[in-house]
Amino acid sequence: MQRRLFLASAAAASVPAQTPPRRIAAIVTEYRPMSHADVIVGKYLEGFNQDERPPYPKSRIVSLFTEQVPAKDMSRERAKKFNVPIYRTVAEALTLGGAQLAVDGVLLIGEHGDYPSNDKEQKLYPRFEMFLKITDVFRQSGRSVPVFNDKHLSWSFRQAKRMVDISRELKFPMLAGSSAPVAFRTPGVDAPWGEKQRYAVAISYSGLDIYGFHVLDALQSMTERRAGGETGVKSVQCLEGEACWNFLAANAWAQKLFDRAIAHSETRKPGDLKKIVPTPAVFVVEYADGLLGAAFLLTGAVEDFTVAVDVAGRNEPISTLMKLQDGRPYHHFGCLVQKIEEMFLTGRAPYPVERTLLSSGILDFALESRLQGHRKLATPELQQVRYQTPRTSNFCVSGWGPDGKRL
């Protein structure tokens, strides 16, 4: 634990103390109470505790674009109160109404809103389309700035890969993904960096698309630290109903890690899992280097995120709860904003966007497996996603106090 605290402090120390506030454009689908725009953009406008008191992020929101304005919209009132102009187009928000890029960073929050779903039950949020509008401005201006993309890059792996390819082409840092991997953990442990892993299990709840991504990103944040780094995924399969329980029964490694992970849950409901979880599901992931992973969604049994990893040469698994605050100010989103700020201030992403590319791809293929009768799918495309994550851990090392505010 001492080492993790030192590493976290060292990362914070790498941010220049006298760096002026960065000017940030917020590009969102909708901004309503409890939306991701509320708990991310809101921390820039209202402070980390969203009580209009310090501490605040150092960067400042200078423009806002919302694609939709729902009945409970907050964007107009927030913009007026904090003197942030709302622009009619993505391009205008990035140029502040001028002809050239005029901001130092972009928040892309394509989550929530009235959008259709496809036959795989994926919500077709326009993250890819918004990203192209952002990068069109970069191309026209001849320069680029850091971009944060909330949650998965796209519902389509092809689109997600194109987003990462464009970030490399235009040479700008990009960060993306879930708030679960950076949340405060109990116990405060990480998978050891550079050691061989054999098996891994993550457990969560809710819908296959909406929270399936979160549990996969949580799993990936632990497995990417193994010896040799991330070398891609060989196959993906989605199992549901009785087949989920049969998978556990047939795989002793999965049952052992499942038991260890769920023991950390603080929301575990009493009762037989088979009776209290009406629609169990598991995404089975076969990595190219032989690691086997399983991400479970157990709606009715738990309402949190737990992970357990079998590390070669260790007698006991590494396991933890990625602790999410159930209510404002949603501390885990504050942890995410800290990582976003690190990128905006230093010009370097604290962890690779390829993590989210792989999580996005696993989810896309898992839902395709489900559509194809829960068939195991070979994923040569995902075997091309290879990267090395830094040794430094990136989760929050302190939680919140009795008043719910960050420590």
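# Reading the sheet, its helices and the ring contacts

Analyst: In this predicted model, helix α7 (residues 212-223) lies across β6, β7 (197-204), β9 (281-287), β10 (292-297), β11 and β12, and runs at about 150 degrees to β7.

User: In what order do the eight strands form the open sheet?

Analyst: Strands of a sheet pair through backbone hydrogen bonds, either parallel or antiparallel. Here the order is β6-β12-β11-β7-β10-β9-β8-β13, with mixed pairing. The edges are β6 (185-186) and β13 (377-378); each has a single partner strand, so one side of each lacks a neighbour in the sheet.

User: In which sense do β11 and β12 pair, and over how many bridges?

Analyst: Strand β11 (residues 305-311) pairs with strand β12 (residues 318-322) in the antiparallel sense, over five bridges. One residue-level example is Val307, whose bridge partner in β12 is Thr320.

User: Which strands does α12 lie across?

Analyst: Helix α12 lies across β8 (233-240), β9 and β13, at about 50 degrees to β8.

User: What span should helix α12 have?

Analyst: An α-helix has 3.6 residues a turn, so residues three or four places apart point the same way. For span, the rise is 1.5 Å a residue: the 18 residues of α12 (residues 354-371) should cover 26 Å, and the end C-alpha atoms are 26 Å apart, which agrees. Of those 18 residues, 15 are buried, so α12 is largely enclosed by the rest of the structure. After α12 comes Gly373, with a positive phi near 75 degrees.

User: How many aromatic pairs are there, and what describes such a pair?

Analyst: A pair of aromatic rings is described by the distance of the centres and the angle of the planes. The structure holds 11 aromatic pairs. For Tyr205 and Tyr211, the ring centres are 5.0 Å apart and the planes are at 70 degrees, so this pair is edge-to-face. Tyr205 counts as buried because its relative accessibility is 17%, while Tyr211, at 21%, counts as partly exposed. The cut-off between the two classes is 20%. Elsewhere, Tyr199, Phe247, Trp253, Phe258 and Phe296 form one aromatic cluster.

User: Which rings have the charged end of an arginine over them?

Analyst: The charged end of Arg226 sits over the ring of Tyr287, 4.7 Å from the ring centre. The charged end of Arg355 sits over the ring of Tyr351, at 4.2 Å from its centre.

User: Is Arg88 buried or exposed?

Analyst: Arg88 counts as exposed because its relative accessibility is 68%. Arg88 is in the loop between α3 (75-81) and α4 (90-95). Its C-alpha atom is separated by 31 Å from that of Pro54, 34 residues apart along the chain.

Terms used. Residues numbered from 1 in each chain as written. Predicted model: local features only at pLDDT ≥ 70, side-chain atom pairs only at ≥ 80, totals over all residues. Heavy atoms only, no water. Helix = DSSP H or I, 4+ residues; strand = E, 2+ residues; numbered from the N terminus. Buried < 20%, exposed > 50% of the residue type's maximum accessible area, 1.4 Å probe, protein only. Expected span 1.5 Å × (residues − 1). Pairing = 2+ DSSP bridges. Contact = heavy atoms within 4.5 Å. Axes fitted to C-alpha atoms, helices over the stretch in contact; angles between N-to-C directions. Phe/Tyr/Trp six-rings, centres within 6.5 Å; stacked < 30°, edge-to-face > 60°. Lys NZ or Arg CZ within 6 Å of the ring centre and 35° of its normal.
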